[in-house]
Protein chains: 2
Amino acid sequence: MEGEPEDRRMIGALLRIPREAAIRQVMDGLARAGFGDLRPAHFTVFQHLPLQGLRLTALAEAALLTKQSMGYLVDDLEGLGYVDRAPDPTDRRAKMVRLTTRGRQVDDTVQGVIRQIEIDWAQRMGPDNFAQLVQQLRALIAILSE
Amino acid sequence: MEGEPEDRRMIGALLRIPREAAIRQVMDGLARAGFGDLRPAHFTVFQHLPLQGLRLTALAEAALLTKQSMGYLVDDLEGLGYVDRAPDPTDRRAKMVRLTTRGRQVDDTVQGVIRQIEIDWAQRMGPDNFAQLVQQLRALIAILSE
C-alpha cells in the first residue's frame, strides 16, 4: 500500500505516516536522553500503561497485541528496569504491570519530545492549520468513544 | 499516558487513538471475509509491503521493527499463505518478500473496510470536518516528506 500514489492514500495511511514520523523522533529523543536500550515496540507498552499500572491482559488488549507478545515486551522492560510486576490491590492473585522510577522518566522524556514535535509541526504547517488538525482529531476521538 | 485527562492528550495520542479504532474495524472486516487467522501485528506487514515486494530489512525498517521481529511475522504469514519469498531481481543473492494471491485479497479487503470507515467517519463528523481533517493530514505528510 506504500507503493500507492499519494493522492490515493486513505485515512489509515494518513493517520499512520505522521505517527511513524513522530515515533522516529521520540526514539531519537529517548536515545539522546540515555534510554537508547528502548525499541519502538517497547514504546507501545508505555503508550498504553497508565500511571497506576495495568494487568498484562488489559495491556495486551489495549495495545492490540497477543498476551504472549505483550508478555515478551514486559519481560524485556522488566529486565531493563523500566517496569515491575506488583500484586493487583483489587485481586491479590493477579499482577499489575507498573512503571518504575526509570520508566516514569521515560514518560517525561516522551512528553517533552512530543511537545517539541507539536511546536515544530505548528510552525511548519502554520499555527491555524495545526490547530484545525488537533481540533478535528479531538472531535473524531469524541465521536469514536460515544 | 492513557490515564491522562482527555484535554491533555498530545498529538501522538490524537493520531494513535483513531488509528487503533480503524485497525479494530479492519481486523473485524478481515475476520468476516475469511481472514480470521490474521492478527494486528501481521497487518503491520501488509501496510508496509508494496505490490512489487520489499526486502526483509527494508520492510523491518519501514515498520519500525527489528529484522528479527519482522522475520517472525513474515514466517507466520508465509506459513499462512499470505506472502512468499522470491529472489530479488536486482540482486539474486537477496530475497524479496511478496504478497501471494491470497495476500493481495487481504489488501483488497482492507481497502474496502477503510473506504467504509471513511464514509462512516465523514457521516458522523460531518463531511466538511472530515474533509478538513484529511486535508490537514495530507498537508502535514507533505511537509514531513520535504
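## A walk through a two-chain model

Let's start with the sheet of chain A: three strands in the order β1-β3-β2 make up an open sheet, and their pairing is antiparallel. β1 (54-55) and β2 (83-88) of chain A sit at the edges with a single partner strand each, so one side of each is left without a neighbour in the sheet. A word on the terms: helices (H or I, at least four residues) and strands (E, at least two) are DSSP runs, numbered from the N terminus, and two strands pair if DSSP finds at least two bridges between them.

Before going on, keep in mind that this is a predicted model, in which local features need pLDDT of at least 70, side-chain atom pairs count only at pLDDT 80 or more, and totals for chains, interfaces and linings use all residues. Residues are numbered from 1 along each chain as its sequence is written, while chains are lettered from A and ligands numbered from 1 in the order in which they are written.

How confident is the predictor? pLDDT is its confidence in each residue, on a scale from 0 to 100. Chain A has a mean pLDDT of 92, with 95% of its residues at 70 or more. Among the elements of chain A, helix α6 (residues 127-144) has the highest mean, 97, and β3(A) the lowest, 89. For the complex, the predictor gives an ipTM of 0.89 and a pTM of 0.88.

Now for the overall layout. Chain A holds six helices and three strands, and reading along the sequence you meet them as α-α-β-α-α-β-β-α-α. The C-alpha trace of chain A spans about 50 × 35 × 30 Å along its principal axes. Of the 146 residues of chain A, 30% count as buried; that means 20 or more other C-beta atoms within 10 Å of the residue's own, against 12 or fewer for exposed, with partly exposed in between and C-beta atoms placed from the backbone.

Back to the strands. β2(A) runs antiparallel to strand β3 (residues 91-99) of chain A, and six bridges join the two. If you want a register marker, take R85(A), whose bridge partner in β3(A) is V97(A). Across β2 and β3 of chain A lies helix α4 (residues 67-79), at about 110° to β2(A). Angles like this one run from 0 to 180 degrees between N-to-C directions, with axes as lines fitted to C-alpha atoms, for helices over the stretch in contact. Contact here means that the C-beta atoms of two residues, placed from the backbone, lie within 7 Å.

What does helix α2 (residues 40-48) of chain A bury? Its buried residues are H42(A), F43(A), T44(A), V45(A), F46(A) and H48(A). These pack against α1 (11-32), α3, α4 and α5 (101-125) of chain A. Helix α3 (residues 56-62) of chain A is where you'll find A58(A), which counts as partly exposed because it has 16 C-beta neighbours inside 10 Å. A58(A) and M96(A) are 38 residues apart in sequence, yet their C-alpha atoms are 9.8 Å apart in space. In chain A, 43% of the contacts between residues at least 6 apart in sequence join residues at least 24 apart.

On to chain B. Its open sheet has three strands in the order β1-β3-β2, again with antiparallel pairing. β2(B) and β3(B) form a hairpin with two residues between them, and along this pair P87(B) stands opposite K95(B) in β3(B).

How do the chains relate? A turn of 180° and a shift of 0.0 Å along the axis lay chain B on chain A with an RMSD of 0.0 Å. That is the relation of a two-fold axis. The superposition is by least squares on the C-alpha atoms of residues with pLDDT of at least 70 in both copies.

Finally, the interface: 49 residues of chain B are in contact with 49 residues of chain A. On the chain B side, the elements giving two or more residues are α1 (11-32), α2 (40-48), α5 (101-125) and α6 (127-144). That side divides into 29 nonpolar, ten polar and ten charged residues, where Ala, Val, Leu, Ile, Met, Phe, Trp, Tyr, Cys and Pro count as nonpolar, Asp, Glu, Lys and Arg as charged, and the others, Gly among them, as polar. And 100% of the interface residues of chain B are also interface residues in chain A, so the copies meet through the same surface.

Key. pLDDT = per-residue confidence, 0-100.
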